[in-house]
Amino acid sequence: YKESKILLKGIDLSNNDTSLVKAGWSKGNITPDFPAKIVGFGKNVDFSGVMDSLFVRSIVFEQKHKRYLYLSYDLMIIHPYLVHAVEERLSENGLNFDGVYYTATHTHNGLGGYGDKLSGLIALGGIDNNVIDLLTLKTLESAKESIRNLSVVSYNYGDFLSDNLVKNRLDKESGRVDAYVRVLQLKNEKSERLS
């Protein structure tokens, strides 16, 4: 972890592009204040305390008349049931995007309660409406905040080899391990940065 942090700080992001792209970002705390399942180790158990908060992070990108939303959750996976619930809540609140992209940090100490059918029951503890309400509300709030924060950004891209840390990302065509960490850095008009 410490090596990765050092590598990230030293990466050359010299491909600065200042095309007219707007972006705004935000995060919302999705740590429940009610009993909820912790998933990821086979047996779904209720949490008994909080060591680190969980978040949903959102980035809205806008160029010309297109707007995209990128969402990253401190969850084990993104289940289709959650995707449907989030997109329904966004739509109900007049937030429509040309694309919504989802990712999860794959934490094994995150919330469950957002997956239906057999796979969602086994892996995520089924459906907990309190969890669904929390996740969709915090996603909505974060997306709205990201839209309010929209401003012209410059962006940089870089990558670094991390073959001593990455063992399981295979290139389908060649069968080789894809051992690069890729970094996108945004800088807004207030000189705030997001990597």
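By how much of a helical turn are Lys 138 and Glu 141 separated in helix α4? The points below come to this pair after a general view of the chain.

1. The model discussed here is predicted, and it shows a protein chain with four helices and ten strands. Read from the N terminus, the elements follow the order α-β-β-β-β-β-α-β-β-α-α-β-β-β.

2. Of the 195 residues in the protein chain, 37% count as buried, while the accessible surface of the chain comes to about 12,100 Å², with 51% of this surface belonging to carbon and sulfur atoms. When contacts between residues at least 6 apart in sequence are considered, 71% of them join residues at least 24 apart.

3. In soluble globular proteins, nonpolar side chains tend to be buried together. In this chain, the largest nonpolar core has 29 residues, and those with the most contacts inside it are Leu 75, Leu 90, Leu 111 and Leu 135. Two or more residues of this core come from each of the elements β4 (55-63), β5 (66-73), α2 (80-92) and α4 (129-148), and α4 gives the most, with seven residues.

4. Apart from the largest core, there is a second, separate core of six residues, among them Val 21, Ala 23, Trp 25 and Val 153.

5. Which residues is Leu 135 in contact with, leaving aside its neighbours within four places in sequence? They are Ile 30, Leu 75, Leu 82, Leu 111 and Tyr 114. Of these, Leu 75 and Leu 111 are named, together with Leu 135 itself, among the residues with the most contacts inside the largest nonpolar core.

6. A search of the whole structure finds four salt bridges, and one of them is formed by the side chains of Lys 138 and Glu 141, at 3.5 Å from N to O. To return to the opening question, these two residues are three apart in helix α4, so that about one helical turn separates them. Lys 138 counts as partly exposed, at 23% relative accessibility, and Glu 141 is also partly exposed, with a relative accessible area of 37%.

7. Helix α4 also holds Glu 145 and Arg 148, which lie three residues apart, about one turn of the helix, and whose side chains meet in a salt bridge of 2.7 Å, taken from N to O. Within this pair, Glu 145 is partly exposed, with a relative accessible area of 29%, whereas Arg 148 is exposed, with a relative accessible area of 57%.

8. Another salt bridge joins the side chains of Arg 67 and Glu 62, at 2.6 Å from N to O. Is Glu 62 buried or exposed? Glu 62 counts as buried, because its relative accessibility is 17% and the cut-off for buried is under 20%; its partner Arg 67 is partly exposed, with a relative accessible area of 25%.

9. Nonpolar side chains are also found on the surface, where Leu 118, Leu 121 and Ile 122 form a nonpolar patch with about 330 Å² of accessible area together. Ile 122 belongs to helix α3, which covers residues 117-124, and it counts as exposed because its relative accessible area is 56%, where exposed means over 50%.

Terms used. Residues are numbered from 1 along each chain as its sequence is written. This is a predicted model: local features need pLDDT of at least 70, side-chain atom pairs count only at pLDDT 80 or more; totals for chains, interfaces and linings use all residues. Side-chain values use heavy atoms; hydrogens and water are left out. Patches are made of residues with over 30% relative accessible area and no salt bridge: like charges are joined within 9 Å, nonpolar side chains (Val, Leu, Ile, Met, Phe, Trp, Tyr) within 5 Å. Accessible areas come from the Shrake-Rupley method with a 1.4 Å probe; for residues, only the protein chains shown count as cover. Buried means under 20% relative accessible area, exposed over 50%, partly exposed in between (1.4 Å probe, protein chains only). A nonpolar core is a set of buried Ala, Val, Leu, Ile, Met, Phe, Trp, Tyr and Cys residues joined through side-chain atoms within 4.5 Å. Contact means heavy atoms within 4.5 Å.
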